[in-house]
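Grab a coffee and open the viewer: here are some short exercises, each with a worked solution. Try each task on your own before reading on.

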Amino acid sequence: MTSCDQGFMARALELARKGLYSTHPNPRVGCVIVRDGQIVGEGWHARAGEPHAEVYALRQAGDKARGATAYVSLEPCSHHGRTPPCADALVAAGVARVVAAMQDPNPQVAGSGLLRLMNAGVAVRSGVLESEARALNAGFVKRMQQGLPLVRVKLAMSLDGRTAMASGESQWITGPAARAAVQRLRARASVVLSGADTLLADGARLTVRPDELGLNAELAALAMTRPPLRVLVDGRLRVPLSAPFFQAGPALVATCAAATSRDRYLGDGHELLAVPGSNGHVDLRKLLLELAARGANEVLVEAGPKLAGAFARLGLVDEYQLFVAPKFLGSSARPLLDLPLARMAEAQALKIVEMRAIGDDWRIVAVPDSTN
């Protein structure tokens with residue numbers, strides 16, 4: 001692997017990140033066409049159903065693609081979906097070499113795109129900046145390999161680990177910069193999920209607000225063309241249809257209650273999904289399997305301590321996004337997670353992968369530590 005390969009792949013990944021908020025259920029992909037050491041074409045995938053990154057890059061390169069090298073952040077597809085195979089487009093354009101960051105985890109591709117290129121006489125290399133490429137599409141990779149979406153739990157807390165006053169009052173623990181970061185987390189997610197307790201306590205809508213995203217106009221507009229599915233976990237159907245959450249647009253309600261209310265929800269533009277459960281609690285793993293089957297790559301959980309704690313107890317959390325405000329809420333305030341543990345050995349170990357100031361607050365990104 002040459003430094004040139006790494007440099008051009010880094011540019012392909014930079015282009016791929018432009019699709020961070022809009023490619024669902026597809027992966028984020030960027031492509032760079034290079035001839036004689038110069039970039040002659042660039043492209044990135046914006047939305048499902050629209051051309052893939054390779055197509056845009058080839059259009060820009062034109063005849064200069066012949067004999068060139070294509071750097072793609074994900075193996076070119078080899079199957080007919082909503083668009084024709086990109087591997088065939090690269091061969092037809094006369095590209096001499098293709099460098100991929102990683103193989104496509106989609107079983108419909110899984111190396112067949114690279115094989116098609118090799119059989120056509122194209123030189124192929126894979127694995128350049130692979131870890132960066134996997135991180136960019138971690139949810140897509142997990143859905144393809146495990147049939148589950150990546151679950152990201154967002155929590156806002158005080159320095160003493162509290163999320164709300166005893167009364168339930170929680171607005172606002174963190175400042176505007178942290179809230180804008182949460183808006184971006186929502187915008188990139190396939191699903192934003194919460195529970196009945198949270199919606200009843202603070203009237204949350206869980207919508208994406210474009211004016212708070214802090215993105216340029218192009219990306220903000222693109223994000224709003226594909227808003228996340230808003231999901232309410234309400235095992236006993238306690239949240240009334242008059243709640244702000246339902247007034248903010250179509251939503252999906254996951255419940256283990258009798259489905260006799262389905263027509264009432266449908267009449268208001270919502271969907272009622274029956275999920276197995278017990279004692280009025282939805283089986284969260286089965287819900288995630290259903291969401292993945294619908295194409296959800298990333299699920300953002302914005303919930304109170306009970307539901308967030310349930311995800312944690314079941315080992316369903318891939319990443320925690322903790323926003324920490326420099327204040328104390330006191331010992332009577334509500335805890336971060338409902339996670340009753342009796343012994344130190346039961347503690348859930350985490351690995352902090354990022355910590356940075358965000359406005360007056362701090363953001364900590366942590367993942368379960370499988371080594372402990």
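Strands here are DSSP runs of E with at least two residues, numbered from the N terminus. Keep in mind that you're looking at a predicted model.

**Exercise 1. Work out where threonine 69 sits, and whether it is buried or exposed.**

Solution.
- Step 1: find the element. Threonine 69 belongs to strand E3, which covers residues 69-72.
- Step 2: check the accessibility. The cut-off for buried is under 20% relative accessible area. Threonine 69 comes in at 14%, so it counts as buried.
- Step 3: list the neighbours. Skip anything within four places in sequence, and threonine 69 is in contact with Val32, Ile33, Val34, Arg97 and Val99.

**Exercise 2. Decide how many disulfides the structure holds, and look at cysteine 77 to see why.**

Solution.
- Step 1: recall the chemistry. A disulfide is a covalent bond between the sulfur atoms of two cysteines.
- Step 2: set the cut-off. The two sulfurs must be within 2.5 Å.
- Step 3: test cysteine 77. Its closest cysteine sulfur is in cysteine 86, and the 3.8 Å between them is too far for a bond.
- Step 4: give the count. The structure holds zero disulfides.
- Step 5: compare surroundings. Cysteine 77 is buried, at 6% relative accessible area, whereas cysteine 256 is partly exposed, at 28%.

**Exercise 3. Track down some backbone oddities: what is the peptide bond from histidine 24 to proline 25, and which residues other than glycine have a positive phi?**

Solution.
- Step 1: check omega. From histidine 24 to proline 25 it is near 5°, making the bond cis. Proline 25 is in the loop between helix H1 (3-16) and strand E1 (30-35).
- Step 2: scan phi. Leucine 206 has a positive value of about 60° without being a glycine. You'll find leucine 206 in the loop between helix H8 (196-202) and helix H9 (217-224), and this leucine is buried, with a relative accessible area of 4%.
- Step 3: keep scanning. Leucine 237 also has a positive phi, near 55°, and lies in the loop between strand E9 (229-233) and helix H10 (244-247).

**Exercise 4. Find what the buried residues of helix H6 pack against.**

Solution.
- Step 1: pick them out. In H6 (residues 138-146), the buried ones are Gly139, Phe140, Val141, Lys142 and Arg143.
- Step 2: name the partners. These buried residues pack against helix H5 (130-136), strand E6 (150-158), helix H12 (284-293) and strand E14 (298-301).
- Step 3: look just past the end. Glycine 147 follows H6, and its phi is positive, near 75°.

**Exercise 5. Describe how the two domains meet, then say which of them line the largest cavity.**

Solution.
- Step 1: split the chain. The domain assignment gives domain 1 (3-137) and domain 2 (147-368), with C-alpha centres 34 Å apart.
- Step 2: count contacts. 12 residues of domain 1 touch 15 residues of domain 2.
- Step 3: search for empty space. There is one cavity of 30 Å³ or more, and the largest cavity has a volume of about 70 Å³.
- Step 4: inspect its lining. Of 13 lining residues, Asn26, Arg28, Asn137, Asn297 and Glu298 lie nearest the centre. By type, the lining has two nonpolar, seven polar and four charged residues.
- Step 5: assign it to domains. Domain 1 and domain 2 each supply at least three residues of the lining.

How values were computed: Residues numbered from 1 in each chain as written. Predicted model: local features only at pLDDT ≥ 70, side-chain atom pairs only at ≥ 80, totals over all residues. Heavy atoms only, no water. Buried < 20%, exposed > 50% of the residue type's maximum accessible area, 1.4 Å probe, protein only. Helix = DSSP H or I, 4+ residues; strand = E, 2+ residues; numbered from the N terminus. Contact = heavy atoms within 4.5 Å. 1 Å grid on protein atoms, 1.4 Å probe; cavity = no way out; pocket = protein on both sides within 12 Å on 5 of 7 lines; lining within 4 Å. Points joined across faces, edges and corners; volume = space filled by probe spheres on them. Nonpolar A, V, L, I, M, F, W, Y, C, P; charged D, E, K, R; others polar. Domains from an automatic or database assignment.
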